[in-house]
Amino acid sequence: MVAIRWTQEEVASRLVKYQDLQPCTTAFIDTHTPGSDQKENFTIIGPGVAENPDQYVHIDIPHGFNIGGARQPAGCVNSQHSHETAEVFVVHTGRWKFSLGETATDGDIELGPGDTISIPIHVFRGFTNIGDSPGFLFAVLGEDDPGQVTWAPYVFEEAKKHGLMLLKNGRLIDTTKGETRPPHGIPMPATPAGDVKQLRRMTADEITECVVREVELDEMPVNVFGEDGLSESAIVGVENADEKMPGGKMSWLHGFHLRRWTVSPGYATPWHWRNEAEVIMMHRGSLRFVWDGGELEMRPGDVLTAPIGLARQYVSGDDEGAIAYVVRGGDSPGQFREAAR
Ligand SMILES: [Fe+2]
């Protein structure tokens, strides 16, 4: 491996601090609809599925997956929609209800901080902040281009009443801002009943198989570095025999892996590198990313993408340790590689 020197500035450009997140409040067709008009959408890594070209993408390096976020005040609803690729949520703060079906009546499930849900493709889903304060979700979408969202028919009706029109090319026209449909822009018709019928329907019982509670993760820690101090628990992804890591509860192929780290206070990992993308979504505590050339501190809500091949060390805060959710690229990411020091 040829060592490439990474400057402080270069690695810092791969860290998105929670307080620096730039929201889009008009990313989707339902963002003028009362009850949904206060939601904030974030595209942290990759463009995601936002329908507004003004959406700010923090890191535009293709990873093979997208990382986004949603922040909603109490009671705010994200309308029913379906995706063409995997959609996984990690609850960072707040209490959330995920509802299934065209009109959100097929079943629902409630999640709290640290819980994860992977909603299969081609299923209508929506989510509501059912807590009494704003809440934030991390979202991971499969593939570099996750395609377009399919909205439930009622979402088009409501949007029309409030001045938003979606074009077939995925672009949103906000008539309340004086925007008009371009000459060749074709409005997206409300999703036809035939298409709705093609989608899969799931019950509340079935969706429990797509949820991992934070407490379940405490029962399956693996010391991936072969020493106490950092344990990793599988959530999404297949078994890795080299790491002695079982498959996650969501073991079907997503195009990425998701695991949770629990790091003891003051623990420093061995120096190591990886051959695939590694994204840290910080949940609790603090963690420093250290490399030959600098270091960066991560706090709750921050997202860092570690450069492929860069020798690194993670060091947790002395007082509180750290809990982080880690996304790695590909269906079979390899084991960590020891770095010579
Ligand atoms: Fe979604």
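Four donors count as tetrahedral if all angles lie between 85 and 135 degrees; four count as square planar, and six as octahedral, if opposite donors are over 155 degrees apart and all others between 65 and 115; anything else is irregular. Donors are N, O and S atoms within 2.8 Å of the metal (3.2 Å for Na, K and Ca), and sites may look incomplete because water is not among the atoms.

This is a predicted model, in which local features need pLDDT of at least 70 and side-chain atom pairs count only at pLDDT 80 or more, while totals for chains, interfaces and linings use all residues. Residues are numbered from 1 along each chain as its sequence is written, and side-chain values use heavy atoms, without hydrogens and water.

**The iron site**

Which residues coordinate the iron ion? They are H81 (NE2), H83 (NE2) and E87, the last listed with OE twice, at 2.1 to 2.7 Å. Along the chain, these donors follow the spacing H-x1-H-x3-E. The angles among the four donor atoms run from 52 to 154°, and the site is irregular. H81 and E87 are both buried. Buried means under 20% relative accessible area, exposed means over 50%, and partly exposed lies in between (1.4 Å probe, protein chains only).

**The whole chain**

The protein chain has five helices and 25 strands. Both kinds of element are DSSP runs numbered from the N terminus: helices are H or I with at least four residues, and strands are E with at least two. The C-alpha trace spans about 60 × 45 × 35 Å along its principal axes. The radius of gyration is 20 Å, which agrees with the value near 20 Å for a compact globule of 341 residues. That radius is taken over C-alpha atoms, and the globule rule is 2.2 Å times the number of residues to the power 0.38.

Of the 341 residues, 55% count as buried. The accessible surface comes to about 14600 Å², and 50% of it belongs to carbon and sulfur atoms. This area comes from the Shrake-Rupley method with a 1.4 Å probe; for residues, only the protein chains shown count as cover. Now take the contacts with a separation of 6 or more: residues 24 or more positions apart account for 72% of them. Contact means heavy atoms within 4.5 Å.

**Two residues and their partners**

T191 sits in the loop between β14 (172–174) and α3 (193–198). T191 counts as buried because its relative accessibility is 10%. P153 is 38 residues away in sequence, yet the two C-alpha atoms are 5.2 Å apart. Beyond neighbours within four places in sequence, T191 touches T150, W151, P153, F156 and V196. Its side chain also reaches the backbone oxygen of W151 at 2.6 Å.

E214 lies in helix α5 (residues 214–217). Its side chain makes a polar contact with the side chain of R260 (3.4 Å). A polar contact is a pair of N or O atoms within 3.5 Å; within protein, one must be able to donate a hydrogen and the other to accept it, and residues adjacent in sequence count only if both atoms are side-chain atoms. Leaving aside neighbours within four places, the contacts of E214 include P113, G114, D115 and H283.

**Positive phi outside glycine**

Here are two loop residues with positive phi.

| Residue | Phi | Loop between | Relative accessibility |
|---|---|---|---|
| H122 | about 60° | β9 (116–119) and β10 (125–129) | 30%, partly exposed |
| E143 | near 75° | β11 (135–142) and β12 (150–151) | 47%, partly exposed |
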